[in-house]
Amino acid sequence: MPEGHIVHRIADSLNAHFAGKPLTVTSPQGRFANDAAAVSGRRLRRVTAVGKQMFLEFENDLTLRIHLGIYGKWQFHESTEVPEIVGQVRARFAYSNVFVDLRGPTVCEVTDHDTALSVMQRLGPDPLNPNPKKAESQRFTERVLKSPSAIGLLLMNQDVISGIGNVYRAELLFRAGIEPHTPGSALTHEQVEALWVDSVKLMRVGVKTGFMITRDNLLGKNPSKEDRNFVYKREGQPCRRCGSLIRIELMAARKLYWCATCQL
DNA sequence: CAACCATGAGGAT
DNA sequence: TCCTCCTGGTTGT
């Protein structure tokens, strides 16, 4: 379930278990064998998440960049025995009794630190990276307001805002009452600013709970999958706010869900 | 079982 | 606009 909130959660866990430790890195599947050997035995300085990408900074100017794509998943084990390899494990990271398996990532490669940094710097502002908060929201707002592209596309563009995926895209636009085909340049400054603020709020909930809960009255609870969202995967069902049927359409080959009554 | 689907994204056409 | 990468969970027969 890799939108940005999951990547940040994993980065936090990896830091908690592994930061400052020398890791044993292997590639049971084999496809990552050379890079694994390059970093194995080296100390992991820290893990940084930016949007949907993760950067593991090792000693000796080596950085491992990981992007999960649709399929990628992490699995943590804590055990005194070495856990059995199940399925296709691209990489296993181990220190002491903690074993972490990575499967199916789109990107998993080691480069020097500067190369990784340049990838990082090309990414748009991340609602979960709080540092210069004001400047980050301005970068997003300016980019959207001068773009003729549909806001539904802009929210999915990782150069514009990083970490948002298909679920948050649909839900943010519903919550803002914005029709997804509206050009960025047709929005008001206040609308775009509000989208940023709401993305910070929702993604923090995601990091905290591990789930993409986007209905305010359910934020503190543990709702089932069907109850979590307003429009995502609810095509043909009645809008939770106005009752009209939720629409679906392909936008740039991704499914877009919205309520044509609530979003204008 | 097989078929289908997915919270992504780069590259060819 | 389509294809491909790649893995696993869900759905259908």
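Reader: How does the lining of the largest pocket divide by class, nonpolar, polar and charged?
Author: In this predicted model, the lining has 10 nonpolar, 9 polar and 11 charged residues.

Reader: How much space lies in that largest pocket, and which residues are closest to its centre?
Author: About 920 Å³. The lining counts 30 residues, and Glu3, Val167, Met212, Tyr232 and Lys233 are the closest to the centre.

Reader: Why does the largest pocket lie between domain 1 and domain 2?
Author: Because domain 1 (4-122) and domain 2 (133-258) both give residues to its lining. As for elements, α1 (4-18), α6 and β10 each supply at least two lining residues.

Reader: Switching to the DNA. Which residues come nearest to strand B?
Author: Lys52, Ile70, Met212, Arg254 and Lys255, out of 18 residues around DNA strand B. Of the strand's atoms that come within 4 Å of the protein, sugar and phosphate account for 60%.

Reader: What is Lys255 doing there, in distance terms?
Author: A polar atom of the Lys255 side chain lies 2.7 Å from a phosphate oxygen of DNA strand B. For Tyr232, an N or O atom of the side chain is 3.3 Å from a phosphate oxygen of the strand.

Reader: And Ile70, which part of it is involved, backbone or side chain?
Author: Backbone. A polar backbone atom of Ile70 is 3.4 Å from a sugar or linking oxygen of DNA strand B.

Reader: Back to pockets. How much space lies in the second largest?
Author: About 370 Å³. Its lining has 20 residues, with Thr48, Ala49, Val50, Asn129 and Asn131 closest to the centre.

Terms used:
Residues numbered from 1 in each chain as written. Chains lettered and ligands numbered in written order. Predicted model: local features only at pLDDT ≥ 70, side-chain atom pairs only at ≥ 80, totals over all residues. Heavy atoms only, no water. Near = heavy atom within 4 Å. Polar contact = N/O pair within 3.5 Å; in protein donor to acceptor, adjacent residues only side chain to side chain. 1 Å grid on protein atoms, 1.4 Å probe; cavity = no way out; pocket = protein on both sides within 12 Å on 5 of 7 lines; lining within 4 Å. Points joined across faces, edges and corners; volume = space filled by probe spheres on them. Helix = DSSP H or I, 4+ residues; strand = E, 2+ residues; numbered from the N terminus. Nonpolar A, V, L, I, M, F, W, Y, C, P; charged D, E, K, R; others polar. Domains from an automatic or database assignment.
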